[in-house]
Amino acid sequence: TGRMRPSQASRRAVTDPAPVRWLLTGVALLFAALVLFLPLLLVFACALQRGIGVALAAFTDPDAVAAIRLTLLTAAIAVPLNAAFGLAAAWAVAKFTFRGKQLLITLIDLPFAVSPVIAGMIFVTLFGARGILGPWLMARDIRIIFAVPGIVLATVFVTLPFVARELIPLMQAQGTDEEECAVTLGAGGWQTFRRVTLPNITWGLLYGVVLCNARAMGEFGAVSVVSGHIRGVTNTLPLHIEILYNDYQFAASFAVASLLALLAMATLVAKAAVEWNQRRRLSAAAVKE
């Protein structure tokens with residue numbers, strides 16, 4: 001009859017015509033080069049414009065060292081907290097049915113919908129000197145705004161969805177059959193989670209942690225509102241870069257920015273490694289079946 005089978009039609013729909021594929025690929029690569037790759041190269045070029053000595057001096061400056069230390073400290077606190085929350089929230093959403101489930105999912109997505117600047121203002125309204133809890137905190141000499149706790153809280157807020165949003169669809173796709181079998185065989189809740197659920201989501205958890213860490217180190221808006229921009233005390237790396245740039249220390253600002261760029265590239269490498277490992281495990285599982 002000359003009529004193509006469905007498999008042949010689907011292959012042609014994907015592969016033909018070649019000029020269209022070349023055009024789309026070329027446009028995508030050109031856009032990526034202009035918007036992503038070229039600006040990244042310019043950051044490193046500007047960082048080294050006045051020599052490697054000037055660039056290295058930017059990292060040994062006491063304010064830069066303090067900013068690096070605070071950035072790492074903030075990420076070291078915020079990422080584990082969000083990993084623990086993401087695990088608990090994803091387990092609850094994917095494995096159980098309860099009232100308020102949709103509300104929990106909505107609250108998890110809230111930081112995606114709220115501007116980071118507004119998030120910072122929320123914490124100022126709550127914990128600032130003239131905020132709701134400000135007088136009570138001041139009476140007990142507890143500082144949150146313009147101090148490390150406020151920076152950590154703001155970072156936790158803006159990075160809260162990353163781990164949970166990575167794990168929820170993964171755990172929903174896996175279903176509850178294995179957990180139900182473990183419970184039937186006499187395993188307790190913690191034992192089921194540790195020996196059944198956690199091994200199945202290890203790589204998804206690592207993927208979410210990598211993304212959460214990248215956002216925690218690069219967060220600007222919410223941290224800028226709650227930090228007070230105190231040099232050497234409450235400035236993270238993004239805030240330190242802004243101050244250097246506003247002070248016309250362009251080489252130093254781009255040098256420190258290149259450090260954040262390197263962290264972003266390391267995040268992409270870690271992300272690619274996680275994805276590759278996931279594909280390898282899926283391929284191995286398919287071969288066994």
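Helix α5 passes helix α9 in a left-handed crossing. In this predicted model, α5 covers residues 101–113 and α9 covers residues 161–174, and their axes come within 9 Å of each other. The two axes cross at roughly 130°, which makes α5 oblique to α9.

A second helix pair is worth setting beside that one. Helix α8, residues 148–159, packs with helix α11, residues 189–218, at an angle of about 135°. The axes of α8 and α11 lie 9 Å apart. Because an angle over 115 but not over 145 degrees falls in the oblique class, α8 counts as oblique to α11. As for hand, α8 and α11 cross in the right-handed sense.

Next comes helix α2, which runs over residues 18–47 and holds 30 residues. At 1.5 Å a residue, α2 should span 44 Å, and its end C-alpha atoms sit 42 Å apart, so the two values agree. That said, α2 isn't free of bends: there is a kink of about 40° centred on A33. T25 also has its place in α2. With 44% relative accessibility, T25 is partly exposed, since that class sits between the 20% and 50% cut-offs. T25 and A273 are separated by 248 residues in sequence, while their C-alpha atoms are 24 Å apart in space.

Two more helical residues can be placed in the same way. A89 is found in helix α4, residues 62–95, and at 4% relative accessibility it counts as buried, because buried means under 20%. From A89 to P149 the distance is 23 Å, C-alpha to C-alpha, with their positions 60 residues apart in sequence. F123, for its part, belongs to helix α6, residues 116–127. The relative accessibility of F123 is 12%, so F123 is buried as well. The C-alpha atoms of F123 and G232 are separated by 22 Å, and these residues are 109 apart along the chain.

The loops bring up a point about backbone angles. Most residues other than glycine have a negative phi. F146, although not a glycine, has a positive phi of about 60°. F146 sits in the loop between α7, residues 134–139, and α8, and with a relative accessible area of 41% it is partly exposed. Y248 also has a positive phi without being a glycine, in this case near 65°. The loop that holds Y248 lies between α13, residues 237–246, and α14, residues 250–288. Y248 has a relative accessible area of 65%, so it is exposed, the cut-off for that class being over 50%.

That leaves the cysteines. If a disulfide is taken as a pair of cysteine sulfur atoms within 2.5 Å, the count comes to zero disulfides. C46 has 23% relative accessibility and so counts as partly exposed. C181 is likewise partly exposed, at 48% relative accessibility.

Key:
Residues are numbered from 1 along each chain as its sequence is written. This is a predicted model: local features need pLDDT of at least 70, side-chain atom pairs count only at pLDDT 80 or more; totals for chains, interfaces and linings use all residues. Side-chain values use heavy atoms; hydrogens and water are left out. Buried means under 20% relative accessible area, exposed over 50%, partly exposed in between (1.4 Å probe, protein chains only). Helices (H or I, at least four residues) and strands (E, at least two) are DSSP runs, numbered from the N terminus. The expected span of a helix is 1.5 Å times one less than its number of residues. The bend at a residue is the angle between axes fitted to the seven residues ending there and the seven starting there. Axes are lines fitted to C-alpha atoms, for helices over the stretch in contact, and angles run from 0 to 180 degrees between N-to-C directions. Angles under 35 degrees count as roughly parallel, over 145 as roughly antiparallel, 65 to 115 as roughly perpendicular and the rest as oblique. A crossing is left-handed if the near helix is turned anticlockwise from the far one by less than a right angle, and right-handed if clockwise.
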